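Open the model in your viewer and keep the selection panel at hand. The stops below say what to pick and what to look for.

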Amino acid sequence: MSERVGFIGLGIMGRGMAVNLLKAGFALTVWNRTAARADDLVAAGARLAASPAELAAECTLICSCVSDTPDVREVLLGDHGVIHGAHAGSLIIDLSTISPHGARAIGTELAARDLHFLDAPVSGGSEGAARGTLSIMVGGEPEQFTRALPYLQAMGKTITHVGRSGDGQTVKLVNQILVVGTMLAVSEALTFAKASGVDLEKTLAAVSGGAAGSWMLANRGPQCIARDWRPGFTIDLQQKDLRLVLQAADQVGAPLLATSQIYQLYRVLQQAGLGHEGNHALIKALERLSGDA
Ligand code: NAP
């Protein structure tokens with residue numbers, strides 16, 4: 001018999017994931033800090049809880065997808081958090097991107113109350129969340145991974161148990177190193193193509209199917225050309241992820257040359273007031289450097 005599922009955090013990502021859990025037929029209770037963002041989910045059959053604690057009291061499998069480590073701590077361990085309502089044996093799955101160290105600490109605090117925890121950050125953008133095709137990288141106990149799998153399969157396509165508690169977050173940071181490196185390459189390529197006077201749409205059509213093809217090029221390249229800066233993933237959250245990457249790299253002594261420079265480029269854009277734009281607006285930093293802005 002399936003478990004009653006709770007979902008906390010109905011932002012760009014959480015909304016798509018929660019809708020897909022409903023579509024898969026799971027009984028769903030939701031909570032969002034800004035309650036109005038839950039209206040359409042409630043209309044589609046979800047129950048709205050008054051707090052994360054109330055949500056936890058009526059669910060046995062509880063997902064969260066909020067912004068940063070302190071936010072996850074607040075909804076799980078804070079004054080009205082999950083920990084105050086959850087029944088022993090319940091499973092909490094955090095789908096946010098937070099620090100590996102922070103995830104392990106949360107898992108330990110929940111375990112002291114006989115609650116299970118998986119860190120399960122995702123990749124695939126707002127498109128992947130809406131279509132249920134996310135990649136999900138999971139850290140934690142193998143038995144709990146098996147328990148979570150049918151629910152994760154409603155939200156994602158490539159679901160990998162990568163190791164112990166916190167390891168899902170470490171692998172997500174690996175993912176982010178690859179994402180921003182690729183986005184910088186897309187930005188440099190389009191800046192060069194534009195300066196050289198070639199047709200940008202034909203250029204993308206020519207190179208996307210070859211060895212240079214990537215998710216970022218296919219999804220964000222056309223947005224850059226159309227100068228459509230609506231976020232699938234905001235610069236502010238991208239910057240947060242790079243901070244987590246650089247902190248974790250410092251702890252293990254790994255040199256990350258390109259990633260640390262991209263961190264600074266995103267900072268330039270934040271200082272210019274563009275933190276709410278999509279992470280593909282990285283190209284604007286290059287345009288500023290090349291005097292084309
Ligand atoms: P978003 O659209 O900004 O949504 C953030 C959500 O977190 C909102 O529901 C917000 O509530 C809630 N929230 C933030 N701080 C909170 C707090 N202290 N207490 C309670 N609720 C809080 O962000 P998103 O793009 O969905 O990203 C969510 C997570 O997924 C982040 O960790 C992000 O790094 C990760 N992620 C995002 C993408 C992407 O492409 N967007 C891809 C992979 C992973 P309100 O509605 O009240 O503001």
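Select G209. This glycine sits in the loop between helix 9 (200-207) and helix 10. The model is a predicted one, and in it G209 is exposed, with a relative accessible area of 77%. Now add A249 to the selection. Along the sequence G209 and A249 are 40 residues apart. In space, their C-alpha atoms are 33 Å apart.

Go next to K157, in strand 9 (residues 156-163). Is K157 buried or exposed? K157 counts as exposed, because its relative accessibility is 66% and the cut-off for that class is over 50%. Put a distance label from its C-alpha atom to that of A105. The label spans 28 Å, for a separation of 52 residues along the chain.

M17 gives another pair to label. Find M17 in helix 1. Its relative accessible area is 0%, so M17 is buried. Draw the C-alpha distance from M17 to S126. The two residues are 109 apart along the chain, yet their C-alpha atoms are separated by 9.6 Å.

**Backbone angles**

Two stops concern phi. Most residues other than glycine have a negative phi. Select D114, in the loop between helix 5 (100-111) and strand 6 (116-119). What is the phi of D114 near? The value is near 60°, which is positive, and D114 is not a glycine. D114 also counts as exposed, at 52% relative accessibility.

Then pick R227. Look for it in the loop between helix 10 (215-226) and helix 11. Phi of R227 is positive as well, near 50°, again in a residue other than glycine. R227 is partly exposed, because its relative accessible area is 41% and that class runs between 20% and 50%.

**The aromatic pair**

Show the aromatic side chains. How many aromatic pairs does the structure hold? The structure holds 1. Its members are F26 and Y151, with ring centres 4.5 Å apart. Their planes meet at 40°, so the pair is tilted. Stacked would need planes under 30 degrees apart, and edge-to-face would need over 60.

Trace where each ring comes from. F26 belongs to the loop between helix 1 (12-23) and strand 2 (28-31). Y151 belongs to helix 7 (residues 142-155). The pair links distant parts of the chain, 125 residues apart. Check the surface too: both F26 and Y151 are buried.

**A buried glutamine**

Move to helix 11 and select Q238. At 0% relative accessibility, Q238 counts as buried. Which residue does its side chain reach by a polar contact? The partner is N279, and the contact between the two side chains is 2.9 Å.

**The ligand**

Now select the ligand and show the residues around it. There are 27 of them, and N32, T34, R37, S67 and G232 come nearest. Sort the shell by class. It divides into 10 nonpolar, 10 polar and 7 charged residues. Colour by domain as well. Domain 1 (5-164) and domain 2 (170-289) each give at least three residues to the shell.

Three distances from ligand oxygen atoms are worth labelling.

- K240: a ligand oxygen is 2.8 Å from an N or O atom in the side chain.
- T97: a ligand oxygen is 3.0 Å from a polar backbone atom.
- L10: a ligand oxygen is 3.2 Å from a polar backbone atom.

How much of the ligand does the protein bury? Taken alone, the ligand exposes 910 Å², and the protein buries 91% of that.

Finish with the elements that line the shell. Those that give two or more residues are helix 1, helix 4 (69-77), helix 6 (125-131) and helix 11 (235-252). Keep helix 11 highlighted for a last look: Q238 from the earlier stop is found in it. Helix 1 has also appeared before, as the place of M17.

Definitions and conventions. Residues are numbered from 1 along each chain as its sequence is written. This is a predicted model: local features need pLDDT of at least 70, side-chain atom pairs count only at pLDDT 80 or more; totals for chains, interfaces and linings use all residues. Side-chain values use heavy atoms; hydrogens and water are left out. Rings of Phe, Tyr and Trp (its six-membered ring) pair if their centres lie within 6.5 Å; planes under 30 degrees apart count as stacked, over 60 as edge-to-face and the rest as tilted. Helices (H or I, at least four residues) and strands (E, at least two) are DSSP runs, numbered from the N terminus. Buried means under 20% relative accessible area, exposed over 50%, partly exposed in between (1.4 Å probe, protein chains only). A residue is near a molecule or strand if one of its heavy atoms lies within 4 Å of it. A polar contact is a pair of N or O atoms within 3.5 Å; within protein, one must be able to donate a hydrogen and the other to accept it, and residues adjacent in sequence count only if both atoms are side-chain atoms. Accessible areas come from the Shrake-Rupley method with a 1.4 Å probe; for residues, only the protein chains shown count as cover. Ala, Val, Leu, Ile, Met, Phe, Trp, Tyr, Cys and Pro count as nonpolar, Asp, Glu, Lys and Arg as charged, and the others, Gly among them, as polar. Domain bounds come from an automatic or database domain assignment.
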